[in-house]
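Grab a pencil and work through these short exercises. Each one sets a task and then walks through a solution.

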Amino acid sequence: MLDGPGGSPWTCRRVAALLRDLSARARLDGLRAAIGNAGIPYDDGMERRGILTFEQGAKPGTDPSSLPGRPTATACSDDLQAAEVHEAARRAGPRIPDGLSVVGFTDVDRATRVAPPLITVRQYSSEMGTTAAQLAPALAAGRQPAQDRHELETTLVVRASTTPPPATVRPDTRGS
């Protein structure tokens with residue numbers, strides 16, 4: 001189980017990952033770690049990468065024919081992509097969050113304008129800008145930075161786009 005809103009446990013049986021570009025690598029690493037820590041096998045077949053159009057961004061989260069099985073949750077590398085999944089689900093299903101949980105990243109204004117509002121990971125633009133400004137002089141001079149990777153603070157912003165998936169109904173196997 002992954003921790004849900006307020007630390008309550010919730011399960012995800014099938015998690016799709018939508019990644020726009022290489023900058024989402026750390027986000028994917030974090031998603032894989034969280035899924036693994038929850039004891040859920042990560043399925044590379046549920047991952048889509050690249051610069052995605054509206055239709056491509058929405059399809060993995062909502063169209064069961066596009067993946068080996070319908071996801072119960074979709075983790076998007078940014079909020080605009082998550083909003084695309086919301087729009088496709090609004091038009092064609094499944095309902096969010098009842099049939100599909102959606103999580104974004106960045107906490108742009110649009111995250112609060114979709115229905116239901118998007119749960120997201122807030123990324124602080126000021127900290128990102130400060131870090132970039134500190135790295136710029138060395139890069140402009142042709143020098144490699146001392147670090148290849150900088151981890152910046154993030155905050156989970158809990159809203160309403162996730163819920164536990166429905167329980168699996170198991171047939172009664174006891175004798176009649």
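**Exercise 1.** What percentage of the 176 residues in the protein chain is made up of buried residues?

Solution. First, the ground rules: this is a predicted model, where local features need pLDDT of at least 70, side-chain atom pairs count only at pLDDT 80 or more, and totals for chains, interfaces and linings use all residues. Residues are numbered from 1 along each chain as its sequence is written, and side-chain values use heavy atoms, leaving out hydrogens and water. Next, the cut-offs: buried is under 20% relative accessible area, exposed is over 50%, and partly exposed sits in between (1.4 Å probe, protein chains only). The result is 39%.

**Exercise 2.** Work out the order of helices and strands in the protein chain.

Solution. Start with the tally: four helices and eight strands. These are DSSP runs numbered from the N terminus (helices H or I, at least four residues; strands E, at least two). Then read along the sequence to get β-β-β-α-β-α-β-α-β-β-α-β.

**Exercise 3.** Track down the cis peptide bonds at Pro-97 and Pro-116.

Solution. Ile-96 and Pro-97 are joined with omega about 5°, and Pro-97 sits in the loop between helix H3 (79-92) and strand S6 (101-106). Ala-115 to Pro-116 has omega near -5°; here the loop runs between S6 and strand S7 (119-123).

**Exercise 4.** Are Thr-106 and Asp-107 buried or partly exposed?

Solution. Thr-106, in strand S6, has a positive phi of about 125° and is partly exposed at 21% relative accessible area. Asp-107, in the loop between S6 and S7, has phi near 65° and counts as buried at 16%.
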